[in-house]
Amino acid sequence: MPLDPPAKKLTRKDFVSDQEVRWCPGCGDYAILAAMQRALPEMGVTREKTVFVSGIGCSSRFPYYMNTYGFHTIHGRAPAVATGLKLANPELDVWVITGDGDGLSIGGNHLMHLLRRNVDVQLMLFNNRIYGLTKGQYSPTSLLGQRSPSTPMGSVDEPLIPTVFALGAGARFVARGIDTSIKTLGSLLGDARDHRGTSFVEILQNCPVFNNGTWDGVTSKEVASDTQLWVEHGQPLLFGKDKEKGLRVLAGGRGVEVVKVGPGGMPVSEITVHDETNRPLAFLLAQLALPDMPMAFGVLYRSPAPLSYTDAVVTQNTEAITRSGEGDINALLRSGHTWTVE
Amino acid sequence: MDTPVSNSADGREILESVVIRFAGDSGDGMQLAGTQFTQSTAVAGNDLATFPDFPAEIRAPAGTTFGVSGFQIHFASHDVLTPGDAPDVLVAMNPAALKVNLADVPTGGLIIVNTGAFNKANLKKAGYEENPLEDDTLSPFRVLKIDISRLAVSAVEHLELGSKSAQRTKNVWTLGLLYWMFDRDRRPTVEWLESKFAKKPRIAEANIAALNAGHIYGETAEMPQGVGTYKVPKAVVEPGTYRNVTGNDALAWGLAAGGRLSGLPIMFGSYPITPASSVLHALAKLKNFNVTTFQAEDEIAAVCSAVGASFGGSLGVTSTSGPGLALKGEAIGLAIITELPLVILDVQRAGPSTGMPTKTEQSDLFQAVWGRNGDAPLCVLAPATPGECFHYAIEACRIATKYMTPVIVLSDGFIANGAEPWKIPDFNTLERFDVKFHQDTENFHPYQRDPDTLARVWVKPGTPGLEHRIGGLEKHYESGNISYDPDNHHKMTKIRAQKIQNIAQDQPEQAVDLGNTTGALAVVGWGSTFGSVNQAVRRARGEGLDVSHIHIRQIWPLPRNLKTLLGGFEKILVPELNNGQLVRVLRAEYLVPAEPLDKIAGQPFKVSEVLAGIREHLNA
């Protein structure tokens with residue numbers, strides 16, 4: 001939401017707190033922090049109206065490193081705290097920082113309800129497919145067979161796809177980015193902030209200590225052009241080094257296929273054009289996974305509701321005053337049946 | 001009923017006090033009949049206390065003993081402190097209601113039975129092999145046998161409602177009969193029915209017809225020996241404007257008032273739970289009082305939203321009952337370590353676990369005082385009556401914002417649902433406690449403290465130059481930054497404890513509610529047992545026993561003079577609706593020889609039970 005422009009142009013440094021950053025060397029969180037600190041000045045925000053709220057986990061240390069208001073809360077509950085904060089003070093620009101364990105395991109319920117209510121906050125879910133802070137147990141997004149201290153023979157539970165969860169819960173802004181892709185991440189953060197309602201951004205993040213290279217198959221430079229499909233509203237779904245591959249939705253929307261584009265292949269006009277307001281398409285894109293498909297990045301879905309939850313609550317509160325006038329406590333206490341003793 | 005002292009001019013026997021219990025199936029409308037009788041009794045100028053007692057099931061299987069719903073009212077021409085130990089009049093709408101309640105009726109008591117419900121099937125469901133109306137089961141009592149089902153139906157026959165709707169007027173028919181018997185004005189109930197069923201005029205008409213028919217039946221039918229008409233003269237009460245109030249309504253209004261007095265918006269995050277839900281319902285209607293209500297997805301989200309709101313500069317409030325308080329524990333700890341104001345209303349019920357949701361108990365005291373991980377002190381207040389809930393909700397707002405701490409208000413099911421006449425205070429005479437947010441940027445850090453209260457500064461996000469981060473990790477005393485320093489943690493733990501202890505300096509000294517300030521026995525109660533304990537002590541003193549009543553409203557920190565006060569008594573008896581909680585706190589804190597008097601039945605104390613305990617401890 002637009003805020004009062006700051007008196008002077010802020011820079012990245014203005015958003016760096018005096019706290020020493022204590023993530024492990026090489027952690028993807030450093031890159032995300034840098035992206036955020038660079039992106040915020042571009043968005044024209046003020047420090048005092050910006051608040052970072054987090055739960056528990058490596059990612060949740062994030063607020064301490066931002067020179068804004070911040071609240072490091074308890075495990076999984078940041079969405080609920082942020083909801084109360086936003087209801088108390090709708091003027092604030094609230095960012096929720098969570099991880100795959102914090103947001104999808106212990107806090108899955110709150111995340112679901114934040115999304116369905118459409119509270120006007122931005123939520124960044126750092127997905128490293130592992131529990132870092134508790135030393136390496138498998139998480140709800142860990143792959144089948146993941147070996148960890150709690151799954152020495154490999155995990156037997158099916159992983160969750162965060163963006164599919166978000167769409168299923170009714171999210172109206174769903175995006176995916178990559179920790180080290182600072183430029184694209186910055187622009188996603190800006191889009192997320194511009195959206196009125198809950199913005200859900202999954203960020204693939206590397207944990208160099210407990211799950212090093214978990215996303216390499218998608219994010220490493222050598223394979224990126226073939227494994228990453230960056231979607232853009234109104235543009236065909238193309239990927240590959242020379243955009244020689246494209247995605248087509250199968251008849252009836254029952255799935256997608258990858259086709260060769262250009263000489264010896266199909267014309268670009270045959271390729272599905274990304275429509276970020278198309279929810280079924282967003283589901284198809286969110287589910288794309290290696291090895292048969294590229295993974296989709298960018299804004300998968302954006303379809304703002306007329307009113308965010310916060311707007312709707314404020315509207316009702318205002319309407320109550322319009323209808324009944326500013327509440328009078330003495331009149332309230334004397335409403336209903338009373339009698340007087342002389 | 002007391003022995004009639006005389007007759008009134010219109011030939012009614014004059015009584016000082018009466019206890020009536022309405023009992024029927026949970027679908028029989030007993031709560032409605034009780035509430036209406038309460039309103040008309042208040043109008044008649046009697047003092048009164050009520051005790052609704054209903055099953056957890058919304059509509060338990062008809063005719064069963066566990067589906068019996070009851071409502072007891074005690075009204076008198078003198079002060080009434082309890083809903084009464086035993087009913088002088090029992091209204092039994094079916095065999096199950098008779099079965100469940102008969103044991104409480106004293107010999108000679110009046111029983112009004114709806115014979116229309118005493119059929120074979122109902123008798124069997126209630127566990128009667130023989131019809132108690134036909135054998136000598138009821139011979140110790142005065143019995144009024146009336147086929148209320150049939151009479152109610154015939155009273156509304158002309159309206160052609162259908163038998164189900166016609167049957168449902170039998171509670172109002174019974175109410176009409178009792179209005180005749182106790183000289184109550186029908187008008188308030190008629191007006192209430194007209195407004196309640198404004199959109200269903202035929203239903204309103206039927207109920208009014210039934211009410212009148214019950215009244216006329218009393219006027220015309222020949223009553224058996226010993227059943228007459230009665231009058232309970234007006235009680236002498238302080239002049240003023242009164243209303244009936246339940247504890248939960250008083251809590252909700254107190255929060256709205258507390259918000260107003262603090263100058264803060266209230267953000268009330270809650271999750272439905274018996275018997276606390278009606279606080280949420282009441283507040284949801286008060287949006288024009290700068291109150292935002294949020295029905296969260298669970299108890300944890302409810303308290304977390306309140307903590308988030310307090311961080312944002314509103315006053316965060318949550319309400320719950322025992323199981324919910326357990327779930328909220330971690331987030332309350334967050335409010336303790338971040339030193340944010342937070343008000344938690346715990347309307348206690350019988351536990352552990354789901355326990356008996358609709359039954360009252362005082363068993364969350366330990367949980368309120370100590371039920372969190374770590375050394376996590378906070379303030380705990382316990383109103384003694386429905387009316388006091390208003391005051392303590394305001395007090396909770398004041399303490400929470402002055403000391404930057406969570407405050408738990410311990411109510412219970414008895415206070416929550418029970419009604420009492422309440423002299424309505426004038427809001428304009430209540431003292432304001434406007435909150436001032438910290439603005440000074442010089443040498444700012446978020447754990448700067450007020451040297452007197454030790455309260456942390458409260459900064460509203462949005463304030464330029466005071467950007468800061470707080471959280472659940474231990475913070476350094478000097479800088480407010482994360483700290484694992486051993487000495488610092490020791491110091492911060494002591495400071496958090498001292499801050500809460502400081503609240504005692506701000507609270508009135510503990511008074512003796514009844515009796516002398518020293519003596520042989522102090523009966524120390526808390527919360528909803530006030531009425532029974534006070535009556536019991538009054539009677540014991542009437543018997544010449546050296547006993548005093550001390551009722552604690554400030555559970556933590558304990559009143560600053562309590563140790564000295566208790567030291568003046570040879571014996572201390574602590575009646576509680578739990579397995580001994582306050583008694584252990586007093587023993588642990590003061591090394592005094594406090595003894596428990598417990599009742600863990602989901603029911604309030606009877607005066608006689610407390611009196612027996614007093615006699616036993618004084619060997620009287």
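1. Where in chain B is Pro352(B) found? This residue lies in the loop that runs between strand S14 (342-348) and helix H13 (365-370) of chain B. The peptide bond that joins Gly351(B) and Pro352(B) is cis, and its omega is about 5°. As with every point in this note, the statement refers to a predicted model.

2. A second cis peptide bond deserves attention. The bond from Thr274(B) to Pro275(B) is cis, with omega near 0°. Pro275(B) sits in the loop between S11 and H10 of chain B, which leads to the strands treated in the next point.

3. Strand S11 (residues 266-270) of chain B pairs with S12(B) in the parallel sense, and five bridges connect the two. Within this pairing, Gly269(B) stands opposite Phe294(B) in S12(B). The chain passes from S11(B) to S12(B) by way of helix H10 (residues 277-284) of chain B, and the resulting β-α-β crossover is right-handed. The surroundings of S12(B) should also be noted: four of the five residues of this strand (residues 291-295) are buried, so the strand is largely enclosed by the rest of the structure.

4. Two residues of chain B have a backbone angle that calls for comment. Glu160(B) is not a glycine, yet its phi is positive, at about 50°. Its place is in the loop between helix H4 (148-155) and helix H5 (163-167) of chain B. Is Glu160(B) buried or exposed? Glu160(B) counts as exposed because 10 other C-beta atoms lie within 10 Å, where the limit for an exposed residue is 12 or fewer.

5. Leu591(B) also has a positive phi of about 50° although it is not a glycine. This residue belongs to the loop between helix H19 (582-590) and strand S23 (594-598) of chain B. With 9 other C-beta atoms within 10 Å, Leu591(B) is exposed.

6. Turning to chain A, the secondary structure comprises 11 helices and 12 strands. The C-alpha trace of chain A spans about 95 × 50 × 45 Å along its principal axes. What radius of gyration does chain A have? The value is 23 Å, which agrees with the figure near 20 Å for a compact globule with 342 residues.

7. Two further figures describe the interior and the contacts of chain A. Buried residues account for 49% of the 342 residues in this chain. Of the contacts in chain A between residues at least 6 apart in sequence, 66% join residues at least 24 apart.

8. The interface of the two chains brings 51 residues of chain A into contact with 58 residues of chain B. On the side of chain A that touches chain B, the elements giving two or more residues include strand S2 (69-72), helix H4 (108-117), helix H10 (309-324) and strand S12 (338-341) of chain A. H2(A) provides the largest share of that side, eight residues. By residue class, the side of chain A that touches chain B divides into 21 nonpolar, 22 polar and eight charged residues.

9. Strand pairing also links the two chains. S2(A) and strand S18 (residues 469-471) of chain B run parallel and are joined by three bridges. In this pair, His72(A) stands opposite Gly471(B) in S18(B).

Key:
Residues numbered from 1 in each chain as written. Chains lettered and ligands numbered in written order. Predicted model: local features only at pLDDT ≥ 70, side-chain atom pairs only at ≥ 80, totals over all residues. Rg over C-alpha atoms; globule rule 2.2 N^0.38 Å. Buried ≥ 20, exposed ≤ 12 C-beta atoms within 10 Å, placed from the backbone. Contact = placed C-beta atoms within 7 Å. Nonpolar A, V, L, I, M, F, W, Y, C, P; charged D, E, K, R; others polar. Pairing = 2+ DSSP bridges. Right-handed = clockwise from strand over helix to strand, strands pointing away.
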